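Open the model in your viewer and keep the selection tool at hand. The stops below say what to select next and what is there.

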Amino acid sequence: VEAVEEIIDRIVRPVGRMLFQDRIGCEDDLDYYAFTISYDGTSASSAQSKDMELKEHRDASVVTLNINLNLPEEEYGGSDVFFRGYPAADGWSSSDFFAENSKDDDGGGTVSFSPGTAIIHLGAHRHGSLPITTAHSDSNSEGKQTSGGKRFNLVIWMFGKNGDVRIAPYSEEEQLTIKERWHCAIKGRMNII
């Protein structure tokens, strides 16, 4: 728990507030829910159900941090994270970010989620994970791939008191100052400026 709270206090809150100034205020990211996800592209012959992808969805958070916990030698294929376009009140949108590489009409795009990569995004931004595939091109006598990969993620959802998730943008006058982004109310451990 201490390690997760350290990540939240030093990275998630200040970076989320910096990147999404019009969406996150001082009390919008006070609480969190952290969990892990495992994607498994190994042989599907197992009787146990395995997660191979994540369908398009929105998170129950104002901001989400998703960290790929795999080591560089823990290979897998596929499993890119995709995003749909996200219109913003100020005219900027994720479509601007993905425009050059997008094949989607909605301005979305994909992010290769390699080991050690972290993605931070608005929880309301529609996204998902493409299917994980085999890790190696090892072939059996029939030429079929036989080995698979796994991906392990740490996900942290940030939200306000009592699970409140604000999605409406703040006006420019209501947005946090630079100092407030780094120092205002952090789960009772720091005083509000």
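A contact here means heavy atoms within 4.5 Å. The model is predicted, so local features need pLDDT of at least 70 and side-chain atom pairs count only at pLDDT 80 or more, while totals for chains, interfaces and linings use all residues. Residues are numbered from 1 along each chain as its sequence is written, and side-chain values use heavy atoms, with hydrogens and water left out.

**Stop 1: R166**

Select R166 and show what surrounds it. Leaving aside residues up to four places away in sequence, R166 touches R23, D28 and V62. Where along the chain is R166 found? R166 is in the loop between β10 (150-159) and α3 (178-183). The helix and strand names follow DSSP runs, numbered from the N terminus: helices are H or I runs of at least four residues, and strands are E runs of at least two.

Now mark the C-alpha atoms of R166 and V62. They are separated by 6.3 Å, although the two residues are 104 residues apart along the chain.

Next, look at the polar contacts of the R166 side chain. A polar contact is a pair of N or O atoms within 3.5 Å; within protein, one must be able to donate a hydrogen and the other to accept it, and residues adjacent in sequence count only if both atoms are side-chain atoms. The R166 side chain reaches the backbone oxygen of A168 at 2.9 Å. A polar atom of the same side chain lies 3.3 Å from the backbone oxygen of P169.

For accessibility, buried means under 20% relative accessible area, exposed means over 50%, and partly exposed is in between, using a 1.4 Å probe and protein chains only. R166 has a relative accessible area of 28%, so it is partly exposed.

**Stop 2: the sheet with β3**

Select β1, β10, β3 and β7. In that order they make an open sheet of four strands with antiparallel pairing. Two strands pair if DSSP finds at least two bridges between them. β1 and β7 are the edge strands, each pairing on one side only. On average, neighbouring strands of this sheet are turned by 20° against each other, direction ignored.

Start from β1, which pairs with β10 over ten bridges in the antiparallel sense. One pair to pick out is Y32 with its bridge partner M158 in β10. Then add α1, which packs on the sheet and touches β1, β3, β7 and β10; the direction of α1 makes about 70° with that of β10. Such axes are lines fitted to C-alpha atoms, for helices over the stretch in contact, and angles run from 0 to 180 degrees between N-to-C directions.

Move on to β3 (residues 63-68). Six bridges join β3 to β10, and the two run antiparallel; L65 has I156 as its bridge partner in β10. Five bridges join β3 to β7 (residues 118-122), again antiparallel, and I67 has A118 as its bridge partner in β7.

Is β3 mostly covered or uncovered? It is mostly covered, with six of its six residues buried. In a regular strand the side chains alternate between the two faces of the sheet. In β3, V63, L65 and I67 are on one side and T64, N66 and N68 on the other, and all are buried.

**Stop 3: the sheet with β5**

Select β2, β8, β5 and β6. This is an open sheet of four strands in the order β2-β8-β5-β6, with antiparallel pairing. Its edge strands are β2 (54-57) and β6 (109-111), each pairing on one side only. The twist averages 20° from one strand to the next. β5 (residues 81-83) is joined to β6 by three bridges, running antiparallel; V81 has V111 as its bridge partner in β6.

**Stop 4: salt bridges**

A salt bridge is a side-chain nitrogen of Lys or Arg within 4 Å of a carboxyl oxygen of Asp or Glu. How many salt bridges does a search of the whole structure find? The search finds eight.

Select R17 and D29, whose side chains meet in a salt bridge at 2.7 Å, N to O. R17 lies in helix α1 (residues 2-19) and D29 in the loop between α1 and β1 (31-40), so the pair ties together parts that are twelve residues apart in sequence. Both R17 and D29 are buried.

Finish with E56 and R84, which form a salt bridge at 2.8 Å, N to O. E56 lies in strand β2 and R84 in the loop between β5 and α2 (94-98), so the pair ties together parts that are 28 residues apart in sequence. Add R126 to the selection: E56, R84 and R126 are linked in a network of salt bridges.
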